[in-house]
Structure formats: structure tokens, C-alpha cells
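Work through these exercises with the structure open beside you. Try each task before you read its solution.

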Amino acid sequence: MSVIPAGTVAYGIQLPIQSQSTMYVAPWETTAGPAELIRVAQAADDAGFLYVAVCDHVAIPRRLAGAMGTTWYDTVATLGLLAGVTSRTRLMSHIAVLPLRHPLTSAKAYSTLDHLSGGRLIIGVGAGHVAEEFAQLGVDFSHRGRLLDEAIDALSVALTEEFPSFAGPTWQFDDAGQSPRPVQTPRPPIWVGGSSPAAIRRAATRGDGWLPQGTPRAKMPEQIAELRAERGRSRGGEPIDIGVNCEFCYVGDPAWEVGRGVLTGSPGRVADSLNEYTAMGVNQLQVRFKARTCDELCDQIRAFGADVAPLLSPPPGP
């Protein structure tokens, strides 16, 4: 169930403001709110971005608040707001910690969001990593991988059938009618996040797309090969969208210190670097930008769409 046409490459963005981990938040985001979030999403919509993405955490423990912060907007509520102010870009959870919620609860939220947005939802899912968050919600953190597998299966059934039934070791439901139904058929795509061997297997066997989390550029070919091998064994080589979290970019020559490891320079230089990913088989680039203000970020988004995107090369054929 690929959402990216064969022989093309797409690009998307995880939005600022809605999550404010001190590991990546820019100073301007801490005083920004819905107005700025809408401006950024609309800039991405206008610039041809495949999706805008919103993170997911329910509760951050004090132990991790120094690094992660405590500002994490609710994923579905935020995407619902953005559905009403955009018209083309898809809306993605990146990533929803699926084991934290009953699959029927998730199905109701995502089905409604797909319905209200005219079929623009992508559901990005992951196992989660914060033990205390699971404990607060009464979920066994040590079994989160198994719970995620079961939750994906149950969610898929609930999004596909109007009166779904599912019998798993943790969640069961029978003839559980749900409406409104999603616009996309048979259901919205599910992209699986993570770079561990288990996450790669999960993406290959259960996902419509793969969202690696922190895989170094040098290791991407090896992990893509693992993904495709497992996809061939389990799904007969069915197409799967393959993404990457790109390095921070700045289109042009910044007049300020953007920090180490940021890809800067002309549109051609930025595109050449990103095309190294597409040559590996990546067909979805999640790009990030350095910016000091909301205006500067919107300018970077527009520059990427107008000047860099036309220079991106599609992945090689199978």
C-alpha cells in the first residue's frame, strides 16, 4: 500500500513547536503557539511536502524532563487542527506509541481524522521508549514490542472493517461497529518506526512504510537490504515506502552559526547530498531545517520546495 508513486521521491517534515525536547528545540519555538504552527504547516502544504508530522507522548517523567521537556501536543488533536488549514499535504503521526491505547480507541481517532481530512492520514507507529510513561498508564513496558505487533494487527482490522472482530492475547473485540469510516481504502497506510532488528522486521512484515529512527547514513544500505529481504520472505516483495531522517539543512549560505553537522549551501549541493539517500533506495526524505524564527523556517521550507525538490533524483528501480 505505497502512497508514493513508483519512480518518484517525496519529502516531508516533522513540525516544530508541537514537541519541545531540549535536544532539538529552537529558542523561538518556546514562545510560539498555534498561529506559528499553522503557518509552518501551510508553508509545507504550499511547497509540495508529502506530509507534516506530529509526535506522541502522554506523560514525561521528571527523570527525563531535562532532556525531553514536557511540551508534547496531543497528536490527533493537533493533526485535526492542521487538517482544517491545509488541503494537500498528508497528516502523519510520527510516531504514535500504539501500545499505550486500546486499538479501538486508536481506530476511532484515526478513522475520524482520515474522514475529516479527505483521506490524507498516514499512521506512523512505534513501540515507545519511556518506561515510566507505560507504568503511569498501566501497560507492561517489557512487552512493548509484542504489544505493538498485536496493536498493529488489531488497528488494521478495525480500520478495514466496519464491524471488526479481533482476538489477541491482550485485546479482544467482536462485531465492534465503528463510524465514520476512513476515506482511504482498504485503510490508511501504516508506517512503522524504529531501527532495531525487531523494528525492521516489524516494518517489513506489518508495515506499508518504514521510518528509521537515527540510523547513520553509512548503515542505511545494510538496513534497507535487511528490510527488503524480510519483505520478500513475508510479503512476496510487495512495495514498501522507505524513509530516512535527514540531517538538518539550511538552503543557502547562512549568515549565522548553524552548528556542526548541518547540510548547507546551494540547492544543488543540498540535493546532491540528499540524492545519496535516494540512490540507496529511499523514496521519502524527512527533512529538518535550522532557523532562528518562524519566518526563517517558512522561507527555508519554500526554498526547499522551489529550488531543491526539482533536483532530487528518484530511487533506482527494483
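**Exercise 1. Find out why Cys249 forms no disulfide, then check Cys294.**

Solution. This is a predicted model, so work from its atom positions.
- Step 1. Recall that a disulfide is a covalent bond between the sulfur atoms of two cysteines.
- Step 2. Find the cysteine sulfur closest to that of Cys249. It belongs to Cys246, 6.1 Å away.
- Step 3. Apply the cut-off: the two sulfurs must lie within 2.5 Å. The Cys246 sulfur is therefore too far from Cys249 for a bond.
- Step 4. Turn to Cys294. Its nearest cysteine sulfur is in Cys298, at 4.2 Å. Cys294 is in no disulfide.
- Step 5. Widen the search to the whole structure. The count of disulfides is 0.

**Exercise 2. Decide whether Cys249, Cys294 and Ile17 are buried or exposed.**

Solution. Buried means under 20% relative accessible area.
- Step 1. Cys249 has 0% relative accessibility, so Cys249 is buried.
- Step 2. Cys294 has a relative accessible area of 7%, so Cys294 is buried.
- Step 3. Ile17 has 0% relative accessibility, so Ile17 is buried.

**Exercise 3. Describe how helix H7 packs on helix H8.**

Solution.
- Step 1. Locate the helices. H7 covers residues 197-206, and H8 covers residues 220-235.
- Step 2. Take the angle and the distance. The angle is about 40 degrees, and the axes are 8 Å apart.
- Step 3. Name the arrangement. That angle makes H7 oblique to H8.
- Step 4. Give the handedness. The crossing of H7 past H8 is right-handed.
- Step 5. List contact residues. From H7 they include Ile200, Arg201 and Ala203. From H8 they include Gln223, Glu226 and Leu227.
- Step 6. Sort the contact by class. H7 and H8 bring together 4 nonpolar, 3 polar and 6 charged residues.

**Exercise 4. Place two cis peptide bonds in the structure: His94 to Ile95, and Thr185 to Pro186.**

Solution.
- Step 1. Between His94 and Ile95, omega is about -10 degrees. Ile95 sits in strand E3, residues 90-97.
- Step 2. Between Thr185 and Pro186, omega is near 0 degrees. Pro186 is in the loop between strand E6 (172-173) and strand E7 (190-193).

**Exercise 5. Which phi values do Ile17 and Asp175 have, and where do these residues lie?**

Solution.
- Step 1. Ile17 is not a glycine, yet its phi is positive, about 70 degrees. Look for Ile17 in the loop between strand E1 (10-14) and helix H1 (34-46).
- Step 2. Asp175 is not a glycine either, and its phi is positive, about 55 degrees. The loop between E6 and E7 holds Asp175.

Conventions:
Residues numbered from 1 in each chain as written. Predicted model: local features only at pLDDT ≥ 70, side-chain atom pairs only at ≥ 80, totals over all residues. Heavy atoms only, no water. Buried < 20%, exposed > 50% of the residue type's maximum accessible area, 1.4 Å probe, protein only. Axes fitted to C-alpha atoms, helices over the stretch in contact; angles between N-to-C directions. Helix = DSSP H or I, 4+ residues; strand = E, 2+ residues; numbered from the N terminus. Parallel < 35°, antiparallel > 145°, perpendicular 65-115°, else oblique. Left-handed = near helix turned anticlockwise from the far one by under 90°. Contact = heavy atoms within 4.5 Å. Nonpolar A, V, L, I, M, F, W, Y, C, P; charged D, E, K, R; others polar.
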